[in-house]
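Q: I would like to learn how to read aromatic pairs, surface patches and helix faces. Please take me through them on one example.

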Amino acid sequence: MIYKILLLIAIGINVIAQILLKTSLQGLDFIESGLTVQSKIKSVIINPFFWGAVFLYGTGFIMYSIVLSKLELSRIYTVSSVATILLIFIISIIFVHESITLPKIAGLAFCLAGIILILK
């Protein structure tokens with residue numbers, strides 16, 4: 001049971017890390033801006049959201065590794081990946097104001113169905 005709780009925490013940490021990374025890179029155009037490579041790298045390195053994301057990715061990786069040592073890879077990886085996708089989609093709509101489309105909703109429904117089938 002503790003490993004399932006750790007998995008849920010690791011998924012939550014991964015989602016927060018994704019949001020922090022997105023936040024840290026907003027407004028930066030790495031391809032077409034007139035900034036030098038050094039100034040682009042510096043703008044990322046001095047951003048605390050970037051370092052928060054790095055820390056959380058590392059923490060989530062360690063927790064996921066612990067869970068992976070005890071539970072089935074085929075189930076854990078699938079549930080972790082799909083749950084992360086679902087949570088990021090929901091959070092992106094709420095906080096980043098990304099669009100909701102019928103194909104996206106259908107995709108989420110298939111993701112949920114997949115998790116249910118894999119966990120049976």
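Q: How many aromatic pairs are there by the ring rule?
A: Rings of Phe, Tyr and Trp (its six-membered ring) pair if their centres lie within 6.5 Å; planes under 30 degrees apart are stacked, over 60 edge-to-face, and the rest tilted. Here the count comes to one aromatic pair. Phe-50 and Trp-51 form an edge-to-face pair, because their ring centres are 5.2 Å apart and their planes stand at 80 degrees. The model is predicted: local features need pLDDT of at least 70, side-chain atom pairs count only at pLDDT 80 or more, and totals for chains, interfaces and linings use all residues. Residues are numbered from 1 along each chain as its sequence is written, and side-chain values use heavy atoms, with hydrogens and water left out.

Q: Is Trp-51 buried or exposed?
A: Buried means under 20% relative accessible area, exposed over 50%, and partly exposed in between (1.4 Å probe, protein chains only). Trp-51 has 45%, so the residue is partly exposed.

Q: Which residues make the nonpolar surface patch?
A: A patch takes residues with over 30% relative accessible area and no salt bridge (a side-chain nitrogen of Lys or Arg within 4 Å of a carboxyl oxygen of Asp or Glu), and nonpolar side chains (Val, Leu, Ile, Met, Phe, Trp, Tyr) are joined within 5 Å. Val-37, Ile-41, Ile-45, Ile-46, Trp-51 and Val-54 make one of about 580 Å². Two or more residues each come from α2 (37-45) and α3 (48-68); helices are DSSP runs (H or I, at least four residues), numbered from the N terminus. The largest share, three residues, is from α2. Ile-45 belongs to this helix and, at 44% relative accessibility, is partly exposed.

Q: Where do the buried residues of α3 lie around its axis?
A: An α-helix has 3.6 residues a turn, so residues three or four places apart point the same way. In α3 the buried residues are Ala-53, Leu-56, Gly-60, Met-63, Tyr-64 and Val-67. They lie on the same side of α3, because they cover an arc of only 100 degrees around the axis (taken from the directions from the helix axis to the C-beta atoms). The face turned away from that buried side carries the exposed residues Phe-55, Phe-61 and Ile-62.

Key
Patches are made of residues with over 30% relative accessible area and no salt bridge: like charges are joined within 9 Å, nonpolar side chains (Val, Leu, Ile, Met, Phe, Trp, Tyr) within 5 Å. Accessible areas come from the Shrake-Rupley method with a 1.4 Å probe; for residues, only the protein chains shown count as cover.
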